[in-house]
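Morning, everyone. Let me put the model up, and then I'll walk you through the ligand shell, one helix and the domains.

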Amino acid sequence: MENRPEIVPIGELPPVGVVPKKMYAQVIRAERFGDPIKAFQIEEIPVPEPGPREVLVAVMAAGVNYNNVWAALGYPVNVIAARQKKGEKEDFHIGGSDASGIVYKVGSEVKNVKVGDHVVIHCGQWDHDDPWVKAGKDPMLAPSQRIWGYETNWGSFAQFTLVQDHQCLPKPKHLTWEQAAAYMLVGATAYRMLHHWEPNTVKEDDVVLVWGGAGGLGSMAIQIAKAAGATVVAVVSDDSKIEWCKKLGADGVINRKKFNHWGALTSDINKPEVFAEWVKKAREFGKAIWEFTNKRNPTIVFEHPGESTIPTSIFVCETGGMVVICAGTTGYNATVDLRYLWMRQKRLQGSHFANDEDCKNFNDLVIQKKVDPCLTKVFKFEETGLCHQIMKENKHPPGNMAILVGAPKEGLGIEE
Ligand SMILES: NC(=O)c1ccc[n+]([C@@H]2O[C@H](COP(=O)([O-])OP(=O)(O)OC[C@H]3O[C@@H](n4cnc5c(N)ncnc54)[C@H](OP(=O)(O)O)[C@@H]3O)[C@@H](O)[C@H]2O)c1
């Protein structure tokens, strides 16, 4: 009864609502685990069927994040084996945790979107019948919480993606498909870090220190903090990134290469002479912040490098302030001089992605043009492995990257 095409070429779409039987997908398999350039391969895969609260979205563009570098490597987690252990039958991984696209099919109980809607997708998933979620508590703390397109299959590196209804948010009309695909994962993560953890939320005239100010997370954090009226000091490793941070609104930018006290503390910090030497250097970094803040310390330190920077983050944070962290890119061995933590009553807060409310609030900032997606590089679908390889080798440009999937070329999708 249905006239479904077998498959359509990349960059083309059947009429809205007509779902092909198969789709092209960039697939990772266990036997190919390793460098992303080889791990991702294009395969034809049957298009999945949405369940009652699920939505099938035709992907116009997909955003690129570090998590699918890890998926390609099969390290530190073999995401395919982890899902099979829980009973899933698929022996492959279709990654991709950011997307813009068009709704092509909805499950029987979906109410918030309809076929034809233009959407962006956030990557937070959880079971609707999880008792924690049903009780109305923060789903990001639920046992069933997982990241779509990393911990789940059917991510955005394919012509169609399968998502839960609440993951869909309106696409900002002023953005192209590739811009709209680039911001949600890093932006909503940064939004929760800065706005969720009461009472340490960003307020007018607060000082916020942003590590990696030219990176994906950092570019979003600078703009979100500025939108709240804060004074922002960003940190970079190269003077060439200073202008980028300033354009996004940073009031000051520090080149971390001018300091050399980085890395984990050891028990030697208990020796007065070692402590005196370390604290002298950490104070110099603090003074570099003061240059831009009228001698005020950061009330929020936006952390993700982890091991290398966390002793300094705790040290420079204002009394009663918060160091909020969502990653340990330089290592997981976080060390702090406890004297500063307890005497000055500082908070070290972990934060992971975002709930529906955080995502909606952040998307509204983008719709209001208060946050730019900072898209700096666009790849073809065939280059999915290449762009993850570039990210693995830390050769990617400032800001965010996206991949064209259904969109035939750059610059399409603007509706106003
Ligand atoms: N938990 C979550 O929900 C979540 C969400 C998004 C991302 N993440 C994680 O957060 C991390 C950053 O993501 P991203 O997208 O912002 O990556 P990115 O675009 O690569 O930016 C990371 C930044 O970190 C800085 N950096 C690197 N080494 C550093 C060091 N030794 N000391 C200080 N800064 C250093 C770099 O800036 P400079 O070299 O210029 O200083 C770089 O721009 C990744 O590990 C990612 O997986 C977690």
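**Around the ligand**

There are 27 residues around the ligand, and the nearest are Gly212, Gly215, Gly216, Ser237 and Ala327. Which elements give two or more residues to that shell? Helix H6 (184-195), helix H7 (216-227) and strand E11 (231-236) do. Keep in mind that this is a predicted model. By class, the shell holds twelve nonpolar, 13 polar and two charged residues.

Now stay with H7. How far apart are its end C-alpha atoms? They are 17 Å apart. H7 has twelve residues, so at 1.5 Å a residue the expected span is 16 Å, and the two values agree.

Is H7 largely enclosed or not? Ten of its twelve residues are buried, so the rest of the structure largely encloses H7. Those buried residues start with Gly216, Leu217, Gly218, Ser219 and Met220. Then come Ala221, Ile222, Gln223, Ile224 and Ala225. Gly216 appears on both lists: it is among the residues nearest the ligand, and it is buried. Just after H7, Gly229 has a positive phi, about 90 degrees.

Last, the domains. The domain assignment gives two parts to domain 1, 22-183 and 373-404. Domain 2 covers 187-350. Taken over C-alpha atoms, the centres of domain 1 and domain 2 are 30 Å apart. How many residues are in contact? Six from domain 1 meet eight from domain 2. On the domain 1 side, three of the touching residues are nonpolar, three are polar and none is charged.

Note on methods: Residues are numbered from 1 along each chain as its sequence is written. This is a predicted model: local features need pLDDT of at least 70, side-chain atom pairs count only at pLDDT 80 or more; totals for chains, interfaces and linings use all residues. Domain bounds come from an automatic or database domain assignment. Two residues are in contact if their C-beta atoms, placed from the backbone, lie within 7 Å. Ala, Val, Leu, Ile, Met, Phe, Trp, Tyr, Cys and Pro count as nonpolar, Asp, Glu, Lys and Arg as charged, and the others, Gly among them, as polar. A residue is near a molecule or strand if its C-beta atom, placed from the backbone, lies within 6 Å of it. Helices (H or I, at least four residues) and strands (E, at least two) are DSSP runs, numbered from the N terminus. The expected span of a helix is 1.5 Å times one less than its number of residues. A residue is buried if 20 or more other C-beta atoms lie within 10 Å of its own, exposed if 12 or fewer, and partly exposed in between; C-beta atoms are placed from the backbone.
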